[in-house]
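Hi,

Here is the structure I promised to pass on. Have a look at it first, and my notes follow below.

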Amino acid sequence: MKEIAKFSGILLLVTVVAAGSLSAVNSITKPRIERQRQLKTLEALAWVLPGVSAEQVEAVTRDGRVLYYVGFQGAGKEHVLGYAVPGKSKGYAGDVETLVGVDTAFTIKGIRVLAQRETPGLGTKIMETRAGEEVPYFQAQFVGRTAEQCKVDKDGGPIVSIIGATISSRAVAAGVAAAIDSLRVWLRASVSLPEQGQGASPEYSTQVRQ
């Protein structure tokens, strides 16, 4: 009985020490991880909203979650140049997270894959930049397209799938299309949008900001 109590006490002590160590490590690394995440997001925003500086971007959030970003033109932030919206879809091995930039007519200005767990050498080619190119070749195919055109060739769309990674290719296309559709819904909830394709700049509203 004494032995059981002894080992129970040791186990409890080890558990307390381990929990305390993990808490201490988390308190040290969490700010660094958050800083890295912010830097990664800023880099992606510059990529998908070309011509817009970090000072000209505002995040629209709800319940602590970023719905989308608004990119302004000029210091006064009176003219909306475009939007960036996070997207997520199921890939072959997990979620594929993207950031999609569009102009006010919802034409894609750029996309960036932020996170993925696809198969190395196959699905990971959605992020591959070939020699002599600055933009990952698969992601470059989305520039200038609309949400309706975000389909891979095997589904009748214009996006050329990566050989051996059709699921990953479809995941990016589906995530991009869904992100733009969500953006339209959120904007309609906050502003009176022009008809799609007219290209006019909607008046930005703060109704959904926190």
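A word on classes before the pocket: Ala, Val, Leu, Ile, Met, Phe, Trp, Tyr, Cys and Pro count as nonpolar, Asp, Glu, Lys and Arg as charged, and the others, Gly among them, as polar. This is a predicted model, with local features needing pLDDT of at least 70 and side-chain atom pairs counting only at pLDDT 80 or more, while totals for chains, interfaces and linings use all residues. Residues are numbered from 1 along each chain as its sequence is written, and side-chain values use heavy atoms, leaving out hydrogens and water.

The largest pocket (on a 1 Å grid over the protein atoms alone, an open set of points where a 1.4 Å probe fits, with protein on both sides within 12 Å along at least five of seven lines) has a volume of about 550 Å³, taken as the space filled by probe spheres set on the points, which are joined across faces, edges and corners. Its lining (residues with an atom within 4 Å of a point) holds 21 residues, and Pro86, Gly87, Glu97, Thr98 and Leu114 lie nearest the centre. By class, the lining has 11 nonpolar, 5 polar and 5 charged residues. Helix H3 (166–190) is among the elements that supply at least two lining residues, and H3 gives the largest share, 5 residues. Helices (H or I, at least four residues) and strands (E, at least two) are DSSP runs, numbered from the N terminus.

E3 and E4 pair (at least two DSSP bridges) in the antiparallel sense over 9 bridges, with Tyr83 partnered by Val102 in E4. E4 also pairs with E5, antiparallel over 6 bridges, and Glu97 stands opposite Ala115 in E5.

Best wishes
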